[in-house]
Amino acid sequence: MSSNSRSLAPEIDVSSLYISGAVEGILDEAVLRRLVEFIGAEMGYVYAASGKPQLDRRLSGYNEAARHSPWCVLRDLDTDATCPADLIVGLLPEPAPTMCFRIVVRAVEAWLMADRQRMATFLSVSRARIPFSPEDERDPKETLVNIARRSNKTFVRDSMVPRPGSGRSVGTGYTSVMIEYVRTRWQPDVAAESSDSLRRCIACLKSLAGRMV
């Protein structure tokens, strides 16, 4: 493990700390749960919105709740702003002291691809097919689906790639396959070495945990 990875590892005992959360969907929920587990805390209730509009509408309420207990909210950047800082200021200019509001660049799939070797092994593709800089991908989900098209595993292709004419952007088993990857393979500290927004999110969670113990 690199020195940078070690710096992201838990340094204090926060095992009795519960962090509530809000995300766009169930894949994001799995990622948040994995991150909270990684820093050594406990995940409280997670509100999974049905996309960004609903999450944005409820953000002020989540922020009010964070005035009483620790919270983390994850929201995709997509193409909504030129940089995360602009979006944070526009959506939540005055976060509560115990609110960790983080923007995912550009979507959570970029964080997952940032652990390049494990993603390549999981999808059964060459590591060379996984982007070196996943945060630079304009549509990380589309990138990941296109990588899955080259998988040596029929199950991966059938689950993650949409059938021709379906009108879908992903296969019917896409989310369940990615959740399995998050729970069983993905290493946040490794991924953070290739994803600045993930590194900042982990640092925010650690700082939040440190203020609560």
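Colleague: Let's start with R33: is it buried, partly exposed or exposed?

Modeller: Keep in mind that this is a predicted model, so the numbers are computed from it. Buried means under 20% relative accessible area, and exposed means over 50%. R33 comes out at 35%, so the class for R33 is partly exposed.

Colleague: And E29, is that one buried or exposed?

Modeller: The cut-off for buried is under 20%. E29 has a relative accessibility of 16%, so E29 counts as buried.

Colleague: R33 and E29 meet in a salt bridge, so what is the N to O distance?

Modeller: Side chains of opposite charge can pair when their charged atoms come close. A salt bridge needs the nitrogen within 4 Å of the oxygen. For R33 and E29, the N to O distance is 3.0 Å.

Colleague: How many helical turns separate R33 and E29?

Modeller: Both residues sit in helix α2, which covers residues 26-38. They are four residues apart there, so the separation is about one helical turn.

Colleague: Which residue does D80 form a salt bridge with?

Modeller: Look for the pair whose closest N and O atoms are 2.7 Å apart. That fits the 4 Å limit for a salt bridge, and the partner of D80 is K52.

Colleague: How many residues apart in sequence are the parts that this D80 and K52 pair ties together?

Modeller: D80 lies in the loop between β3 (71-76) and α4 (84-91). K52, on the other hand, belongs to helix α3, residues 52-65. So the pair ties together parts whose separation in sequence is 28 residues.

Colleague: What class does K52 fall in, buried or exposed?

Modeller: Its partner D80 is partly exposed, at 39% relative accessibility. K52 has a relative accessible area of 17%, and the buried class is anything under 20%. So K52 is buried.

Colleague: Which residues are linked in a network of salt bridges?

Modeller: The pair we just went through belongs to this network, as K52 and D80 are both in it. Listed in full, the network links K52, D56, R75, D78 and D80.

Colleague: Over in helix α11, what is the N to O distance between D196 and R199?

Modeller: These two are three residues apart in helix α11 (residues 196-212), so about one helical turn separates them. D196 is partly exposed at 34% relative accessibility, and R199 is partly exposed at 30%. Their side chains meet in a salt bridge with an N to O distance of 2.5 Å.

Colleague: How many salt bridges does the structure hold?

Modeller: The R33 and E29 pair is one of them, and the D196 and R199 pair is another. For the structure, the count of salt bridges is 10.

Colleague: Moving on to pockets, which helix gives the most to the lining of the largest pocket?

Modeller: The largest pocket holds about 480 Å³ of space. Of its 24 lining residues, the closest to the centre are D76, E109, K141, V170 and Y174. Helices α2, α5 (108-113), α7 (140-148) and α9 (174-184) each supply at least two lining residues. With five residues, the one that gives the most is α7.

Colleague: Which helix supplies the largest share of the lining of the second largest pocket?

Modeller: This pocket has about 160 Å³ of space. Its lining includes our first pair, E29 and R33. By class, the lining has four nonpolar, no polar and five charged residues. The largest share, six residues, comes from α2.

Colleague: Now the cysteines: which two form a disulfide?

Modeller: A disulfide is a covalent bond between the sulfur atoms of two cysteines. The cut-off is sulfur atoms within 2.5 Å, and a search of the whole structure finds one such pair. With their sulfur atoms 2.3 Å apart, the two are C100 and C204.

Colleague: How many residues apart are C100 and C204?

Modeller: C100 is in strand β4 (residues 99-104), while C204 is in helix α11. The disulfide links distant parts of the chain, and the separation is 104 residues.

Colleague: How far is C72 from the nearest cysteine sulfur?

Modeller: C72 is buried at 0% relative accessibility. The cysteine with the nearest sulfur is C100, and a disulfide needs sulfurs within 2.5 Å. C72 is in no disulfide, as the distance to that sulfur is 4.1 Å.

How values were computed:
Residues numbered from 1 in each chain as written. Predicted model: local features only at pLDDT ≥ 70, side-chain atom pairs only at ≥ 80, totals over all residues. Heavy atoms only, no water. Buried < 20%, exposed > 50% of the residue type's maximum accessible area, 1.4 Å probe, protein only. 1 Å grid on protein atoms, 1.4 Å probe; cavity = no way out; pocket = protein on both sides within 12 Å on 5 of 7 lines; lining within 4 Å. Points joined across faces, edges and corners; volume = space filled by probe spheres on them. Nonpolar A, V, L, I, M, F, W, Y, C, P; charged D, E, K, R; others polar.
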